[in-house]
Amino acid sequence: MRLEHDLAIRRAVGSILSDDSALGVGTGWHRIVGRALSEIREAADEAGVHIAITHVESRRGSLVIRTDALARRVPTAVADAISEVWLHASDRAGMTCEQCGALGFLINGDEPRVRCARCESEQAARDAVRQGFREQIAEACRYCIGVCLEHGRLLPVENVVIQVAPMDETGHRFFLDEVHERLCWWRAGSWIEGVDEALRTRFRKMDFHRVQATAEEWSIARVLFPEDFREADARNALIEDQRTRRAGEIRSAALAYVRACARERRVLGLEDFGQRRWPRDGAVKRKIMIDALHDDIASGVPVMDVWQRFEVSGTIARRLVGASSYGNLYRILRDNEMPVAFRPGDIARWVHDGKLRREEGMDILGIESGPAFDAFLAAWLAGEQ
Ligand SMILES: [Zn+2]
């Protein structure tokens with residue numbers, strides 16, 4: 001797999017593919033694998049379950065994709081949907097050259113593989129480069145990793161690796177393919193002689209410098225390929241329309257959701273909540289509404305609103321907005337210029353004066369440990385005197 005294809009797939013499906021899992025297939029299958037993993041992620045997201053891809057491999061000419069869906073005991077419908085995606089991808093892989101992505105056929109033999117006629121005719125020469133230049137390939141990988149780390153970003157392998165004499169252009173192409181392959185595997189955790197394993201973490205954080213298309217380039221692309229934009233435009237227009245026209249509905253759903261979490265004293269699944277909230281909408285509109293609900297909760301505004309009315313505990317509020325302390329909750333209030341109904345000092349004084357029970361004070365700020373709350377009281381009361 002070429003490094004840029006490997007990274008493109010990881011960017012698209014990062015949440016279900018860990019850096020330790022290699023994409024063990026040839027670059028000719030990158031579109032098939034990328035699409036299959038995206039569909040698997042969508043199936044899991046739609047069902048509100050989290051799964052991980054545990055294995056992607058080309059084995060004896062077949063595409064193998066494994067997940068931990070069974071181990072996690074996901075609902076049968078989800079497991080079936082995942083198998084379906086894999087079978088479909090595997091069918092396509094069976095007639096796609098694993099090397100170049102052209103129409104291919106299964107070549108039987110000691111090592112069954114799917115190849116087009118051209119790639120198959122090159123296979124022996126390719127193997128010869130792999131075996132004959134082992135050391136030079138490792139050396140090129142070491143050099144690539146070093147140069148990229150020095151620049152703080154990935155550079156195209158082609159620009160970094162010079163031709164090793166005496167090799168013709170085709171040989172060099174095989175050589176580069178091999179460097180790509182080894183770098184992808186190394187990134188996922190395999191070993192290259194002479195490369196410090198400790199560099200891997202930094203390497204994983206780097207990406208190619210991608211150039212953003214200008215507005216002008218986009219408008220040219222729109223004229224040339226209108227059909228590519230039509231679907232996306234329609235979808236964006238619908239999202240915009242729903243979010244604007246139903247903003248009030250989204251906000252009241254968000255407030256209701258926070259209160260439901262408060263009642264049950266836990267963070268409820270947003271997806272389930274949305275499914276029940278908008279039963280009459282079709283799947284597409286419902287997804288738009290659930291996404292909007294998700295964004296509204298993440299903004300913190302509805303959560304802070306309910307919290308400042310004493311209707312949800314600080315612990316739940318913090319978990320809903322991902323705040324590590326009550327201080328961060330106040331930061332959200334400030335950033336959104338929201339009115340403040342009670343400050344930490346108010347809580348300390350009310351508890352001290354017996355207007356608020358100690359447990360209530362702990363609960364509303366989300367301070368779970370007794371000693372921590374004592375320290376909180378001492379600090380605020382000392383500050384007042
Ligand atoms: Zn081919």
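The centres of domain 1 and domain 4, taken over C-alpha atoms, are separated by 54 Å in this predicted model, where local features need pLDDT of at least 70, side-chain atom pairs count only at pLDDT 80 or more, and totals for chains, interfaces and linings use all residues. Residues are numbered from 1 along each chain as its sequence is written. The chain is divided into domain 1 (1-115), domain 2 (117-209), domain 3 (231-340) and domain 4 (342-385), with bounds from an automatic or database domain assignment.

We turn next to the interior. The largest nonpolar core has 46 residues; such a core is a set of buried Ala, Val, Leu, Ile, Met, Phe, Trp, Tyr and Cys residues joined through C-beta atoms within 7 Å. Buried means 20 or more other C-beta atoms within 10 Å of a residue's own, exposed 12 or fewer, and partly exposed in between, with C-beta atoms placed from the backbone. Among the elements giving two or more residues to this core are α2 (30-47), α5 (134-151) and α7 (169-188), helices here being DSSP runs of H or I with at least four residues, numbered from the N terminus. Helix α2 provides the largest share, seven residues. Domain 1 and domain 2 each supply at least three. A second, separate core of 33 residues includes Ala253, Ile290, Val312 and Phe376.

Two loop residues deserve a look. Arg265, between α11 (247-264) and α12 (270-277), has a positive phi near 55 degrees; Arg265 counts as exposed because it has 11 C-beta neighbours inside 10 Å. Glu337, between α16 (326-335) and α17 (344-352), has a positive phi near 50 degrees.
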